[in-house]
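The following paragraphs lead through one protein model, from a single loop residue to the overall fold and then to individual sites. Please keep the sequence and the structure in view while reading.

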Amino acid sequence: VKWMKETGTTLSKSLDASAHKVLQELARIDEENTTRLQEIIDEVGWPGKSMVGVDGAHAAWLLLQHADRKPEFQKKGLELMKQAPAGEVSLKDVAYLTDRVSMKQTGKQVYGTQVRQVDGKWEPQPLVDADAVDKLRAEAGLPPLAEYLKLVEKMYSAQSAKPDKQ
């Protein structure tokens with residue numbers, strides 16, 4: 001994300017050769033790490049906090065969250081996360097992965113974590129229940145949707161990354 005902001009690169013605009021090369025390398029590394037995560041899950045189940053620590057559990061989720069080329073693996077991992085004993089997985093991580101899997105299965109999401117840019121403005125992709133989204137987000141430890149969208153704008157918009165020239 002930092003590199004994207006610094007270079008003004010977005011996933012929606014055509015990439016130059018150097019950006020394309022960076023993204024290819026990232027995809028290769030992600031694929032290797034995802035394959036290793038699959039092996040770990042097959043051997044020991046979901047690597048929760050007591051097994052790998054908070055950072056390790058979050059890293060495992062992050063790999064799974066971005067394993068979009070392996071939707072069945074994402075679905076399996078989500079089920080394992082949901083079955084984990086209380087405190088072993090982050091409710092926020094479960095919410096994000098729930099939305100990722102749900103978007104693939106139904107085209108709608110529960111928590112509003114999956115966003116898109118429309119006419120330069122960030123908005124959630126379709127929601128199962130827009131009236132309940134902030135309540136569900138709060139239960140998962142997430143900020144209200146409006147606040148989240150402001151964070152997304154700040155994080156991903158190239159214009160916010162460019163330093164003011166004086």
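**A walk through the model**

G45 is buried, with a relative accessible area of 18%. The cut-off for buried is under 20% relative accessible area, so 18% places G45 in that class. The model in which this value was computed is predicted. G45 belongs to the loop between α2 (17-44) and α3. Its C-alpha atom is separated by 9.0 Å from that of G77, and the two glycines are 32 residues apart along the chain.

The loop between α2 and α3 also holds P47. Is P47 buried or exposed? With a relative accessibility of 4%, P47 counts as buried. Beyond its neighbours within four places in sequence, P47 is in contact with L37, I41, V52, A57 and A60. A further pairing spans 41 residues along the chain: the C-alpha atoms of P47 and E88 are separated by 8.5 Å.

E88 appears again in a pairing with G53. Between these two the C-alpha to C-alpha distance is 9.1 Å, while in sequence they are 35 residues apart. G53 sits in helix α3, which covers residues 49-65. With a relative accessible area of 26%, G53 is partly exposed. Partly exposed is the class between the limits of 20% and 50%, and G53 is in it because its value is 26%.

These sites can now be placed in the whole chain. The protein chain has eight helices and two strands. Along the sequence their order is α-α-α-α-α-β-β-α-α-α. Of the 166 residues in the chain, 34% are buried. Among contacts with a separation of 6 or more, 45% join residues 24 or more positions apart. The accessible surface of the chain comes to about 10,500 Å², and carbon and sulfur atoms account for 55% of that area.

Helix α4 is the next stop, and Q74 is located in it. Q74 has 0% relative accessibility and counts as buried. Which side chain does the side chain of Q74 meet in a polar contact? The partner is the side chain of D68, at 3.2 Å. Leaving aside neighbours within four places in sequence, the residues in contact with Q74 are L64, Q65, H66, A67, D68, L97, R100, V101 and K104.

A second glutamine, Q109, lies in the loop between α5 and β1 (115-118). Q109 is buried, and its relative accessible area is 0%. What does the side chain of Q109 reach at 3.0 Å? It is the backbone nitrogen of T113 that the side chain of Q109 reaches at this distance. A polar atom of the Q109 side chain also lies 2.9 Å from the backbone oxygen of Q125. Not counting residues up to four places away in sequence, Q109 touches D99, S102, M103, Q114, P124, Q125, P126, L127 and V128.

Further along, the loop between β1 and β2 (121-124) contains D119. D119 is exposed, with a relative accessible area of 81%. The limit for exposed is over 50%, so D119 falls in that class at 81%. Its backbone deserves a look. Most residues other than glycine have a negative phi. D119 is not a glycine, yet its phi is positive, at about 50°.

The last topic is empty space. Rolling a probe the size of a water molecule over the atoms shows where such space is left. The second largest pocket holds about 170 Å³ of space. Its lining consists of 14 residues, and the closest to the pocket centre are M81, K82, V89, L91 and V94. Which helices each supply at least two residues of this lining? They are α4 (71-83), α5 (91-106) and α6 (133-139). The largest share comes from α5, with three residues. By class, the lining of this pocket has eleven nonpolar residues, one polar residue and two charged residues.

Two of the helices in this lining, α4 and α5, also figure in the earlier sites. Q74 has its place in α4, and the loop that holds Q109 runs between α5 and β1.

Technical notes: Residues numbered from 1 in each chain as written. Predicted model: local features only at pLDDT ≥ 70, side-chain atom pairs only at ≥ 80, totals over all residues. Heavy atoms only, no water. 1 Å grid on protein atoms, 1.4 Å probe; cavity = no way out; pocket = protein on both sides within 12 Å on 5 of 7 lines; lining within 4 Å. Points joined across faces, edges and corners; volume = space filled by probe spheres on them. Helix = DSSP H or I, 4+ residues; strand = E, 2+ residues; numbered from the N terminus. Nonpolar A, V, L, I, M, F, W, Y, C, P; charged D, E, K, R; others polar. Buried < 20%, exposed > 50% of the residue type's maximum accessible area, 1.4 Å probe, protein only. Polar contact = N/O pair within 3.5 Å; in protein donor to acceptor, adjacent residues only side chain to side chain. Contact = heavy atoms within 4.5 Å. Areas by Shrake-Rupley, 256 points an atom, 1.4 Å probe, with all protein chains shown as cover.
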